[in-house]
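Me: I'd like a close look at one part of this structure, the place where the two chains meet. Could you walk me through it in plain words?

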Amino acid sequence: MKSLAELDKLREEIQREMALREKKEGIKVVVSMGTCGIAAGARDVIAVLLEEISRRNLQDVVLTQTGCAGLCHCEPLVQVEGPGGEKVTYGHVDEQKAREIVAAHLVNGQVIKEWTVKEEGERV
Amino acid sequence: MRLYRAHVLVCAGAGCISSGCQAVKNALLENIERLGLQQEVKVVETGCMGPCDLGPVIVVYPEGVFYRQLKPSDAVEIAEEHLLKGRVVRHLLYQPAESATPATTFEQIDFFKKQTRIALRNTGIINPESVEEYIARDGYRALGKALSEMTPAQVLECIKRSGLRGRGGAGFPTGLKWEFTARAPGDTKYVVCNADEGDPGAFMDRSIIEGDPHTVLEGMAICGYAIGARQGYVYVRAEYPLAVERLELAIARARRYGLLGDNIFGTDFSFDVEIRVGAGAFVCGEETALLASIEGRRGEPRPRPPFPAVQGLWGKPTVINNVETWANVPPIILNGADWFASIGTEKSKGTKVFALAGKVNNTGLVEVPMGTTLREIIYEIGGGIPGGKQFKAVQTGGPSGGCIPASHLDVPVDYESLTGLGAIMGSGGMIVLDETTCMVDLARFFLEFVQDESCGKCSPCRIGTRRMLEILERIIKGQGRDGDIELLEELGRNIKSSALCGLGQTAPNPVLSTIRHFRAEYAAHIYDKKCPAGVCKDLIVYTISEEKCNGCGRCALVCPARAIVGEKKKAHRIDVEKCIRCGTCMEKCKFMAIYTM
Ligand SMILES: Cc1cc2nc3c(=O)[nH]c(=O)nc-3n(C[C@H](O)[C@H](O)[C@H](O)COP(=O)(O)O)c2cc1C
Ligand code: SF4
Ligand code: SF4
Ligand code: SF4
Ligand code: FES
Ligand code: FES
């Protein structure tokens, strides 16, 4: 360690890895992992999301999962929650769509309207 | 660098280790692997999270879900439900006593909510074996800042202005201590960390080293820069092998990154740290005894002055500070003196870590701003007294400290107010006592401890505390005499003023403070031969209630002393002369007819 700048660089790298232990304002990506979600392929979707987020070195994105969202016919479901709390829910997500959601929505802030689903009522 | 979508933090502090966290961790790992989640979920071992009586505890991020009292079978359920399917396992959450709904995340739990963590900022949050995780939490930035942006004098000034005082007992201003050493003549100077932690019941220093060892190293290095020292020593007691191991590892990793050793951060400042393992006698925590022990001599105190600041290790100027004091240094440098001075009270700045123990619902480690009241600590964080019992007093400061009765529960905790009540802050042991504690017996316990630990070098301490102990033992046996209380007070005052070191100078405190606040309890033992709390065995009288006793004879049958007489179907009677106070009869009576007084 030859300078403070060098320490700061290392710090930022590791902070990404630990970001999910901090309650920071950022984008939250939630995948429904109820029984039907898993059956429909949600596990592959979450793996792809994780891979894409790491590969692109995205800061302040937290990837997590939840139980049944009550929209079994649209699984796999991916919900993207912005820092302001606004939510967009994508349905029938597959591996390819997951990659595009990361590129379009998380990186460029563009919602892919045709893949979104309306949420009927509250999530469970 | 791999990203994970969940981090599972498993507490591996001393409390959780003893309640079986290793088996829980193994079960978690096995099941994560079985479910194929090892690429997505990371398991991290941390130091003590605080609520030790709820152990083993884990926290699952990013949600921060807090699970407690886990068994290995619970780990299976958490892996299958939470980690795989994202469903919180409700029955493993913490259930606050007064609320119907369980708390999901630890932020919702009063125990955590009311705390301000500075010294414990990383403990229970990072993996203590990873210097990288420490760095991610701004570790070594304070050292970097000091070396590249501040002069040694500015570092001294910052610590002085922050108002930080020693957390090892006496509360001496830390900046002033450093300044004495900085100004002392001589080129060779030393920095020492006191991790002896001899107070029975205290474990915060251990938890800091086990949970966040780098903060101590960083604090010491900053001091080394400020005073012109290039060598530091950490004196740890041998009973803390895990602390020693983690510290060794931390030193090695810090060296590898060039954060210890030569030319740190590319400057001409060099600093290194070595560990010394102590024998673990209480008196070895006293600073002059500790230094003697590091030098390889017997751990015996010597008179001060000269103070270690001027003549310490091998006669060289030496700064010696407590573990918790060191843990406060990096955040002060990083956030500034004003930030630190804005927390706490007029004369006691910052926070204090307490090891909350005894008759209180939530025991464990808590860190609160100075000035928090005892009531807040015991009732809001500690959750009050279990079993519907009455609060009686709180003992602070260990064997050098004293008791504070219920009438002073609203006292703000700082150095001066505790001293004013005849107790002290000490290193932060806080034992809650309820109505079933006998104050005379408690005083005896601490006196017995210091009597055993006295090094014997000076007579007031060696002989004086022996005399006090004998008197207390007599009182407890029911042989107390008129004038005993006054005699204890006189002896106590004399020992305090004439003993050579802090051990003897504070040894009478538990006795004097219990006399001060609970004089009537001493009087009851001496004059009425009664122990109001029902603890002192020789003073308990077993009696049978004439109304409740139906003469079944069960008690007489089990009495080993044949002390119970009575005709069948008529009230029985205990012969006090014969009774050996074993309590067997009371246990056996189905009609609650036998009671003590
Ligand atoms: C008998 C006795 C035992 C002590 N034990 C400890 C101890 O275990 N840990 C500690 O930090 N200080 C202990 N002290 C206080 C130290 O002598 C010294 O004041 C302290 O380490 C200074 O650090 P601080 O200014 O950061 O509190 C003890 C003092 C006495 C008289
Ligand atoms: S006061 Fe007690 S412990 Fe201290 S030097 Fe004297 S005998 Fe030893
Ligand atoms: S056991 Fe109880 S009820 Fe029976 S004789 Fe003894 S005191 Fe009386
Ligand atoms: S306390 Fe023990 S010795 Fe005394 S009366 Fe009861 S059984 Fe007998
Ligand atoms: S189980 Fe997936 S929506 Fe119901
Ligand atoms: S040891 Fe786990 S909470 Fe203290």
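Reply: Let's begin with one pair of side chains: B:Lys42 and A:Glu17 form a salt bridge, and their closest N and O atoms are 2.8 Å apart. A salt bridge here is a side-chain nitrogen of Lys or Arg within 4 Å of a carboxyl oxygen of Asp or Glu. By that rule, five salt bridges cross the interface of chain B and chain A.

Before going on, please keep in mind that this is a predicted model, where local features need pLDDT of at least 70 and side-chain atom pairs count only at pLDDT 80 or more, while totals for chains, interfaces and linings use all residues. Residues are numbered from 1 along each chain as its sequence is written, chains are lettered from A and ligands numbered from 1 in the order in which they are written, and side-chain values use heavy atoms, with hydrogens and water left out.

Now for polar contacts: the interface has 14 residue pairs of this kind, with both residues at pLDDT 80 or more. Such a contact is a pair of N or O atoms within 3.5 Å; within protein, one must be able to donate a hydrogen and the other to accept it, and residues adjacent in sequence count only if both atoms are side-chain atoms.

Which elements of chain B give two or more residues to the side that touches chain A? They are strand E1 (6–11), strand E2 (41–46), helix H3 (72–85), helix H5 (131–136) and helix H6 (141–149). H6(B) gives the most, with five residues. Helices (H or I, at least four residues) and strands (E, at least two) are DSSP runs, numbered from the N terminus.

The residues on this side of chain B divide into 20 nonpolar, 12 polar and 15 charged. Here Ala, Val, Leu, Ile, Met, Phe, Trp, Tyr, Cys and Pro count as nonpolar, Asp, Glu, Lys and Arg as charged, and the others, Gly among them, as polar.

Stepping back to the whole interface, 47 residues of chain B are in contact (heavy atoms within 4.5 Å) with 33 residues of chain A. The area buried between the two chains is about 3400 Å², and carbon and sulfur atoms give 58% of that area. Buried area is the accessible area (1.4 Å probe) that two parts lose on being put together, summed over both.

As for the partner, chain A has four helices and four strands, in the order α-β-α-α-β-β-β-α along the sequence.
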